[in-house]
Amino acid sequence: MFHIIGTGMYVPERIVTNDELATMVDTNDEWIKQRVGIAERRVSTEEWTSEMAYKAALAALENANCKPEDLDYIITATVSGETVSPSTACMVQKLLGATCPAMEINAACSAFLFLLETAAGFFARKKANKILVVGAERLSGIIDWSDRGTCIIFGDGAGAAVLSNDVDGYLDSVVTVQGNDEVIKILTAVGCSPFFTKEADTPYVHMMGQETFKYAVSSICNDVNTLLTQNNLTLDDISYIVPHQANKRIIDFAAKRLKTTEDKFYVNIERYGNTSSASIPIALDELNRAGKLKHGDYIILTAFGGGLANAACLLRW
Ligand code: UT7
């Protein structure tokens, strides 16, 4: 089917520490570190989502030794693009000077896994040799900065990967959606239609933290176990589990329930917070560039979030 031949990431320069947040809402560094595992996050001061996506894409293309004209598709994911149309994918195509088709997927924090699953379809139909996938978010633009239950968690950034059909490294996947707008909801602006009569809440991220937490732990465990069982593998065969970075305690609980050690999971949430669709490709890029992924390694990616959508996949590097 396909394998990943290059990765890239981009985060904006501006760092917001927990101490700085504590000057804005009733919180403190100790609580955030203990309950969520975040020390700091990046926040965009002047870049739109598509500009961050472009920078991550450029890094991934360079890492893959590919040119924009080699691409057959660009597929992006975001919940925080600056425009609904053109999509972030179209803007990345323009900024790269590429000419291939480009489109966007919305599956919130699980979206990078949906990008891979969608790309797999194009490869299976022999419609592509190379596909660029990008998760990019400017979540700082859709957060209520007076809500301590959400503003401490999220960060901005982008991650990208170039996929190529020459080797089959996308071995298996699980994708689950349970439509639900109670637990996590990101509202868009209601608009100013004189005909629309429904009351609307603020156009920001609304989340029931504890419900999301429980759903996250059980979806990681179920999805990882499903992939292991379906492929006759055990956790000993897996070099890394790369989870969506939402809360360090979610990862610790999942590790405990899976009866494995925390170091099986790659964690970088302390530096970036939760960057939604960008969190897994950012983590993958860090692992890749640190030389921690060896040819032939089994890796599991696992994500959960708004939708509710959760997904996981088994890769051979
Ligand atoms: O990527 C999308 C998916 N999102 C997630 O996976 C997020 C999952 N959920 C979480 O990460 C956690 O539920 C939160 C970080 C959102 C909240 O942590 P929690 O451990 O579930 O806290 P809680 O809501 O149960 O609150 C515990 C206490 C409360 O005080 P009392 O009532 O026990 O006195 C809260 O008022 O902590 C208080 N609290 C805070 N204190 C300081 C809640 N938020 C904060 C805060 N700073 N930011």
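These legends walk through several close-up views of a predicted model with a bound ligand.

In this predicted model, local features are described only where pLDDT is at least 70 and side-chain atom pairs only at pLDDT 80 or more, while totals for chains, interfaces and linings use all residues. Residues are numbered from 1 along each chain as its sequence is written, and side-chain values use heavy atoms, with hydrogens and water left out.

**View 1. The shell around the ligand.** Let us start with the ligand, which has 22 residues around it; a residue counts as near when one of its heavy atoms lies within 4 Å. The closest are T27, R148, Q210, N247 and N274. By type, the shell splits into ten nonpolar, eight polar and four charged residues. In this sorting, Ala, Val, Leu, Ile, Met, Phe, Trp, Tyr, Cys and Pro are nonpolar, Asp, Glu, Lys and Arg are charged, and the others, Gly among them, are polar.

**View 2. Helices and domains that build the shell.** Helices α2 (29–35), α6 (209–230) and α7 (248–257) each bring at least two residues to the shell around the ligand. Helices here are DSSP runs of H or I with at least four residues, strands are runs of E with at least two, and both are numbered from the N terminus. Which element gives the most to the shell? That is α6, with four residues. Domain 1 (3–168) and domain 2 (171–316) each contribute at least three residues to the shell, with the domain bounds coming from an automatic or database domain assignment.

**View 3. Polar contacts to the ligand.** A polar contact is a pair of N or O atoms within 3.5 Å; within protein, one must be able to donate a hydrogen and the other to accept it, and residues adjacent in sequence count only if both atoms are side-chain atoms. The side chain of R35 places an N or O atom 2.7 Å from an oxygen atom of the ligand. The side chain of R249 likewise has an N or O atom 2.8 Å from a ligand oxygen atom. At G209 the partner is a backbone N or O atom, 3.0 Å from a nitrogen atom of the ligand. On its own the ligand has 940 Å² of accessible area, and the protein covers 73% of that; the areas come from the Shrake-Rupley method with a 1.4 Å probe, and for residues only the protein chains shown count as cover.

**View 4. D285 and its backbone partner.** Look for D285 in helix α9 (residues 279–289). Its side chain reaches the backbone nitrogen of G8 at 3.3 Å. D285 is buried, at 3% relative accessible area; buried means under 20%, exposed over 50%, and partly exposed in between, using a 1.4 Å probe and protein chains only.

**View 5. Cysteines without a partner.** A disulfide is a pair of cysteine sulfur atoms within 2.5 Å, and by this rule the count is zero. C66 is in no disulfide, and the nearest cysteine sulfur, that of C100, is 11 Å away. Why does C151 lack a bond to C109? The closest cysteine sulfur to that of C151 is in C109, and at 16 Å it is too far for a bond. Both C66, at 11% relative accessible area, and C151, at 0%, are buried.

**View 6. Two cis peptide bonds.** Most residues other than glycine have a negative phi, and most peptide bonds are trans. A cis bond joins S85 and P86, with omega about 0°. P86 belongs to the loop between β4 (73–77) and α4 (88–96). The bond from G307 to L308 is also cis, with omega near -10°, and L308 lies in strand β13 (residues 307–316).

**View 7. Positive phi at A108 and S276.** A108 is not a glycine, yet has a positive phi of about 45°. You will find A108 in the loop between β5 (102–105) and α5 (111–124), buried at 10% relative accessible area. S276, another non-glycine, has a positive phi of about 50°. S276 sits in the loop between α8 (269–272) and α9, and is buried at 3%.

**View 8. The loop holding T202 and Y204.** T202 is in the loop between β9 (184–186) and β10 (205–207), and Y204 is in the loop between β9 and β10 too. T202 is partly exposed at 35% relative accessible area, and Y204 is partly exposed at 29%. The C-alpha atoms of T202 and D144 are 8.5 Å apart, with 58 residues separating them along the chain. For Y204 and I186, 18 residues apart along the chain, the C-alpha separation is 5.5 Å.
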